[in-house]
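Got the model open in your viewer? Let's walk through it one selection at a time.

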Amino acid sequence: MINKEEIWDLFKSIFPIYRTLLGKGFNDSLDEISKTIPLTNIYEVESGQSSGSWKIPDEWIIHNAWIADLDGNKIIDFKENQFHIWQYSISTDEIISHEELIKKIAIGDEDCIPLVVTYYSKRWGFSVSANQFEKLNKDQYRVYVESEFRAGKLQIGEIFLKGRSSKEILIDAVLSCNSLANNLSGVLGAVFIAKLISQTSNHYYSYRILFSPETIGPISLFHHFPSLFKNVQGGFNLINLADKNALNYKTSRYPTLVDDTVEYTLKQFDKDATIFKYDVLTGTCGNEKAYNSLGIEVPVGALRRSILCSYPEYDTSKDDFGFIDKSKFFESLDILTQLIQNIELNRYYKHTFIGEPFLTGYGLFPKIEKDSDRIPYDYLMGFTNGELSLLDIVKLSNQPLQSFFEPLRLMVEKELLKEI
C-alpha cells in the first residue's frame with residue numbers, strides 16, 4: 001500500500017522550485033522525484049539541436065528583476081513573487097515611460113499574477129495583478145532585468161518498469177511548469193503510479209513513465225530517440241488532478257484498450273464522468289497534443305479534472321495550495337490505483353479448450369456457490385475468441401469487471417485461457 005502522505009510531502013517539496021523548460025529548477029525537481037522512487041534514465045538533448053522544426057533553446061537563468069519609480073522605490077519585484085517576470089526575458093536596465101511600460105505588462109484579475117513565457121522571442125516583460133497595476137500611475141519608471149542565457153540540456157526523466165510483456169503503457173506528466181499546484185499534481189500522480197507498479201509483482205505490461213517539458217519534450221524524444229515509442233499500446237498525460245471538479249478524459253487520436261479502460265474506470269466512480277473525443281482546441285491541450293501530432297502519432301490521452309484554461313486560477317499565482325483540494329487529490333490517486341489494476345487485466349484472451357470445458361474436472365466448480373458466481377465463467381468460456389477484449393466481454397455480461405478478476409485468474413492458471 002502506497003503512503004499517500006508521502007506523495008503529498010513530495011508535492012510540497014517540489015512546488016516552490018522555480019522551473020522552466022530546462023535548467024537547474026527542472027533538474028532539481030527530477031532529483032526530488034528520485035528521492036521517492038529512483039529514475040531509471042534521463043534523456044538529454046543539447047541546446048541548439050533541432051527536433052523537427054523545433055530548436056532546443058538555451059538555458060535561461062534569472063538573477064533579478066524589478067520595476068521602480070525614479071526615487072528607487074520598487075513597486076514590482078521578482079524576488080517577492082516568481083510570476084512577476086516573463087520567463088526567458090532578456091536583460092535590460094532603462095528608464096521607460098508609463099505608456100511604453102504598459103505594453104510590456106500582462107495584467108491578471110485582482111490579486112492574480114499571470115504566468116507568461118517568451119521562449120522564442122527576445123524581449124522582456126512583467127506580470128502583475130490588477131491591484132498592483134493600479135499602483136503604476138507615474139509618468140516614468142526604471143525597469144531592471146538581469147538574466148543570463150547559456151548552452152544547456154533539455155532533460156526528460158524516465159521511470160521504466162519492465163513487465164512480462166514488451167507491450168508498453170506510456171504515462172506522461174509535464175514538469176516544466178513553475179509553482180502551479182494543480183498543474184503539478186499530474187507529476188505527483190505519475191510518481192504514485194510508478195511506486196504502485198514497482199510494488200506489484202509479475203505485472204503484465206511494461207510502463208514508461210516520463211517527466212517532460214511541455215510540447216518540446218515529447219517532440220524531442222521522438223526525433224532523438226525514435227525507437228522509444230515503438231512498443232507503446234496506449235497511455236495518458238496526467239494534469240489537474242487536485243481541483244474540485246470531476247475527473248474527465250480526452251481519448252487519444254486512435255482508439256486503444258487504454259482509452260476504453262479509462263472510460264470504464266471513471267464511470268465506475270462516477271456514472272456521469274465525461275469522455276471527450278480527441279481534439280486540438282487551442283489552449284485546452286497538454287502533451288497529449290504533441291504525442292498525437294501527425295507524423296508522431298503515439299496514442300496518448302489526457303486524464304484531468306479541470307480542462308486546461310477552464311478556470312480563473314489556471315496559469316496564475318493563485319494556482320497554489322490554497323486553491324487545490326487534498327482530499328480530491330487523494331481521491332484521484334485511488335482512481336489511478338483502480339485504473340492500473342483494470343489496465344493490467346483488460347487484454348485479449350484466447351480459449352485453449354475445444355467445446356465447453358467441464359469445470360468440475362478442473363477443480364473450478366466448487367468456486368461457484370450460486371448462479372451469479374457462474375456468470376463470469378460462462379462469458380469467459382463463451383467469448384474468449386481472441387477478438388474481444390476483457391472489457392468487451394464484461395460489457396456483454398452486464399457484470400462489474402471486478403467479478404471477473406478471480407475467474408480469469410483461475411482459468412488462466414488452469415490453462416483454459418491464454419494471454420495473447
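**Stop one: a pair of helices**

Start with α1 and α2, which cross in the right-handed sense. To find them, select residues 4-14 for α1 and residues 24-36 for α2; their axes come within 10 Å and cross at roughly 165°. An angle over 145 degrees counts as roughly antiparallel, and the two helices are therefore roughly antiparallel to each other. Keep in mind as you go that this is a predicted model.

Now show side chains where the two helices meet. On α1, pick E6, L10, S13 and I14; on α2, pick S29, E32, I33 and T36. Colour this contact by residue type and you get three nonpolar, three polar and two charged residues.

**Stop two: the sheet**

Next, bring up the open sheet of eight strands. Reading across, the order is β1-β10-β12-β11-β13-β16-β14-β15, and the pairing is mixed. β1 and β15 (274-276) sit at the edges with a single partner strand each, so one side of each has no neighbour in the sheet. Going from one strand to the next, the twist averages 20°.

Zoom in on the β1 edge. Here β1 and β10 run antiparallel, joined by six bridges. For a landmark, click on E46, whose bridge partner in β10 is K153.

Then move along to β11, residues 168-174. Is this strand enclosed or open to the outside? Seven of its seven residues are buried, so β11 is largely enclosed by the rest of the structure. In a regular strand, side chains alternate between the two faces of the sheet. Try colouring the two sides of β11 separately: E168, L170, D172 and V174 are on one, I169, I171 and A173 on the other, and all are buried, so to speak, with both faces covered.

While you're there, add β12, residues 206-212. β11 and β12 pair in the parallel sense over seven bridges. Click on V174 and look across to S212, its bridge partner in β12.

**Stop three: the helix on the sheet**

Keep the sheet on screen and select α6, residues 216-224. α6 packs on the sheet, where it touches β1, β10 and β12, and its direction makes about 80° with that of β10. The buried residues to highlight in α6 are I216, G217, P218, I219, S220 and L221. They pack against β1 (41-46), β2 (50-51), β3 (54-55), β10 (153-161), β12 and α8 (287-292).

Now pick H223, also in α6. How accessible is H223? Its relative accessibility is 39%, so H223 counts as partly exposed. Leaving aside residues up to four places away in sequence, H223 touches S51 and G52. If you'd like a distance to draw back to the helices of stop one, join the C-alpha atoms of H223 and L30: they are 193 residues apart along the chain and separated by 22 Å.

**Last stop: α12**

Finish by selecting residues 405-413, which make up α12; F405, P407, L408, L410 and M411 are its buried residues. What covers them? Turn on the surroundings and you'll find, among others, α9 (326-345), β17 (348-351), α10 (371-383), α11 (390-397) and β19 (417-419). Before you close the viewer, check the backbone at E415, which follows α12: its phi is positive, near 65°.

Key
Residues numbered from 1 in each chain as written. Predicted model: local features only at pLDDT ≥ 70, side-chain atom pairs only at ≥ 80, totals over all residues. Heavy atoms only, no water. Axes fitted to C-alpha atoms, helices over the stretch in contact; angles between N-to-C directions. Helix = DSSP H or I, 4+ residues; strand = E, 2+ residues; numbered from the N terminus. Parallel < 35°, antiparallel > 145°, perpendicular 65-115°, else oblique. Left-handed = near helix turned anticlockwise from the far one by under 90°. Contact = heavy atoms within 4.5 Å. Nonpolar A, V, L, I, M, F, W, Y, C, P; charged D, E, K, R; others polar. Buried < 20%, exposed > 50% of the residue type's maximum accessible area, 1.4 Å probe, protein only. Pairing = 2+ DSSP bridges.
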